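Hi,

Here's the structure I said I'd pass on. Have a look at it first, then read my notes underneath.

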Amino acid sequence: VTLAKRDDAASGVRVLGADGAGPASHQANGFVRPFPWLAPFSDADLSTTRGFIFQYPPFPVAATLTPTIGYKRDIAGLYIHLPFCPYHCAYCYYSVSLDHRRESMERYLRALGREIESVADRFAHLYRVATVFFGGGTPTYLDSSSLLELIGKLRSAFGLSDIEEFTVESDPTTLSLEKLQALRYGGVDRLSIGVQSFSTAVNFFNERKHTFEESLSAVALARMAGFSNINLDLICGLMGETESSWNATLATLLSLAPEHVTVYLFSLRPQTSASLKLSRSGAAPPCEALRVEWMTEATRKLLAAGYTQTTANCFVRSPEFEQIHQRNAWSSLPLIGIGNSAYSFVNNSLIQNVRPMEKYVARVLSGGNPGEIDLALNARDLMTRYCILRLKQLRIPRAEFRQRFGFDLLQVFGAQIETLVDLGLVVVNEGAVTATPKGTIYVDDACRLLYAEDVRDCMSRVEETDLRPLIRSLA
Ligand SMILES: C[S@@+](CC[C@H](N)C(=O)[O-])C[C@H]1O[C@@H](n2cnc3c(N)ncnc32)[C@H](O)[C@@H]1O
Ligand code: SF4
């Protein structure tokens, strides 16, 4: 906040008297004339009558401040977690459920309905929901009537009359023309299909049970139902993938011309059946060097085909297909998450619901709070979070950082950014800190280097036991 100084005459501290010119004790009767503030004063002038401060910045100033760039307080994204899956892929570490009993799904949906009502009571009047995202798990494991009933509940709780994007994640085995038409009827305008690999053998080896033909048919059905904004997910470096199967996957993907493509790098987490497979039978995924080579090749082919890269993993056929939900969430806009394991970012707090589905259902149906983590972020955490989410979008804009937090980016993160520059992961110029091609591949490592020291220490203690042995075995 820059204020015009009203007084430049004073230097040093003055104690204001009746006329603002001298100490009050100089007044004959010990009383002062009112309104000493009518006289010019400087910040160093002391007066006990100048006013009681109760907050900051003062309202006359607040009224003149420009709202922070990119931060519209009145819109929020809505994420609904639907954990049911047809099978459990070997590599998957999401919060998923293979409990396919009708009553389990109904109980979960009942709990969701309760949480929707209570969250809407707290937030619906504060935010316009701009985007909705059904994620999982596999939302389309649910039948059409359950999906439409859920959408109906969201509509009556939040309105959803002027949303800009409604995405549903899906797996090819769970899609039919009838279900896709129902989703379109419910207002869903973006479909995300998990393909992972177009090789049937690779998918099956990773305990993902859909074929090449089923992936193609899912895309065709979605087009038939009228979806004109389709994302396809691939995983680069699945167990059993070879250079030729990866190239064939990329060729098929390009022939389908999806509006949006997400290429994840295979990540291996402890407690997944992939990590067990690895330790028991040595069924290793491709090594680090191959994964990097294949990701680079995927990027090259997508760009050559006319796609634009919007994040380290996302590519769009044209700019209007950039995913709004993710862009907003990664611009630090409010996000409301509902369901087990769902997280929210509201009022500068990070909240996460309890992960196990049964615990979530039990808590909500007994009238309890499903939140497990509720952390008000301090200024340092907000700045770090902002930088990390911007770097995931490959660029941290310096003017926006200054506008938002009042400091120059390099003043706060100078040492960490220097390390990133030395590692060849980013370049710094006047306008932004931008990821290099190497920084794009290793963007998550670059983000980790921005973690606060205590957070990094704590994470490396966790990873030392859980993750490092796995990562080493993949080098
Ligand atoms: C919730 S799933 C998508 C919907 C659906 N369940 C499916 O798998 O088709 C989200 C995406 O995360 C990605 N994913 C899951 N586990 C991963 C891992 N270990 N490494 C890299 N990507 C992973 C997959 O591409 C998957 O499509
Ligand atoms: S990748 Fe998708 S289908 Fe496979 S277990 Fe995870 S959420 Fe379920």
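Below is what turned up, starting with the ligands and moving on to the salt bridges and a surface patch.

One thing before the details: this is a predicted model, and the numbers here are computed from it.

**Ligand 1**

This is where I'd start. There are 19 residues around ligand 1, and the closest are Thr-138, Gln-196, Arg-208, Asp-233 and Ser-267. By type, that shell splits into eight nonpolar, seven polar and four charged residues.

A few polar contacts are worth pulling up on screen. The side chain of Gln-196 has an N or O atom 2.7 Å from an oxygen atom of ligand 1. Asp-233 also reaches an oxygen atom of ligand 1, with a polar side-chain atom at 2.7 Å. Tyr-91 uses its backbone instead: a polar backbone atom there is 3.0 Å from a nitrogen atom of ligand 1.

How much of ligand 1 does the protein cover? On its own, ligand 1 has 560 Å² of accessible area, and the protein covers 95% of that. As for which elements build the shell, those giving two or more residues are β5 (165-170), β6 (190-196), β7 (230-236) and β8 (260-265).

**Ligand 2**

Around ligand 2 you'll find Cys-85, Tyr-87, His-88, Cys-89, Tyr-91, Cys-92, Val-96, Gly-137, Thr-138 and Arg-208. Six of the residues in this shell are nonpolar, three are polar and one is charged. Keep an eye on Thr-138 and Arg-208: they line ligand 2 and are also listed among the closest residues to ligand 1.

**Salt bridges**

The count comes to 18 salt bridges. I picked out three of them.

Arg-208 turns up again here, paired with Asp-171, and the closest N and O atoms are 3.0 Å apart. Arg-208 sits in the loop between α5 (200-205) and α6 (212-224), while Asp-171 is in the loop between β5 and α4 (177-185), so this salt bridge ties together parts 37 residues apart in sequence. Are the two partners buried or exposed? Both Arg-208 and Asp-171 are buried.

Next is Asp-444 with Lys-392, where the closest N and O atoms are 2.6 Å apart. Asp-444 belongs to helix α16 (residues 443-448) and Lys-392 to helix α12 (residues 379-392), so the pair ties together parts 52 residues apart in sequence. Lys-392 has a relative accessible area of 13%, so it counts as buried, whereas Asp-444, at 34%, is partly exposed.

The third is Arg-102 with Asp-143, with 3.4 Å between the closest N and O atoms. This one links distant parts of the chain, 41 residues apart: Arg-102 is in helix α2 (residues 102-123), and Asp-143 is in the loop between β4 (128-136) and α3 (144-158). Arg-102 is partly exposed at 44% relative accessibility, and Asp-143 is partly exposed too, at 29%. Salt bridges with shared partners join Arg-102, Asp-143 and Glu-106 into one network.

**Surface patch**

Last item: Phe-52, Phe-54 and Phe-59 make a nonpolar surface patch of about 450 Å². Phe-54 is in the loop between β2 (45-46) and α1 (59-62). Its relative accessible area is 61%, and the cut-off for exposed is over 50%, so Phe-54 counts as exposed.

Shout if you'd like to go through any of this together.

Cheers

Methods:
Residues are numbered from 1 along each chain as its sequence is written. Chains are lettered from A and ligands numbered from 1 in the order in which they are written. This is a predicted model: local features need pLDDT of at least 70, side-chain atom pairs count only at pLDDT 80 or more; totals for chains, interfaces and linings use all residues. Side-chain values use heavy atoms; hydrogens and water are left out. A residue is near a molecule or strand if one of its heavy atoms lies within 4 Å of it. Ala, Val, Leu, Ile, Met, Phe, Trp, Tyr, Cys and Pro count as nonpolar, Asp, Glu, Lys and Arg as charged, and the others, Gly among them, as polar. Patches are made of residues with over 30% relative accessible area and no salt bridge: like charges are joined within 9 Å, nonpolar side chains (Val, Leu, Ile, Met, Phe, Trp, Tyr) within 5 Å. Accessible areas come from the Shrake-Rupley method with a 1.4 Å probe; for residues, only the protein chains shown count as cover. A salt bridge is a side-chain nitrogen of Lys or Arg within 4 Å of a carboxyl oxygen of Asp or Glu. Helices (H or I, at least four residues) and strands (E, at least two) are DSSP runs, numbered from the N terminus. Buried means under 20% relative accessible area, exposed over 50%, partly exposed in between (1.4 Å probe, protein chains only). A polar contact is a pair of N or O atoms within 3.5 Å; within protein, one must be able to donate a hydrogen and the other to accept it, and residues adjacent in sequence count only if both atoms are side-chain atoms.
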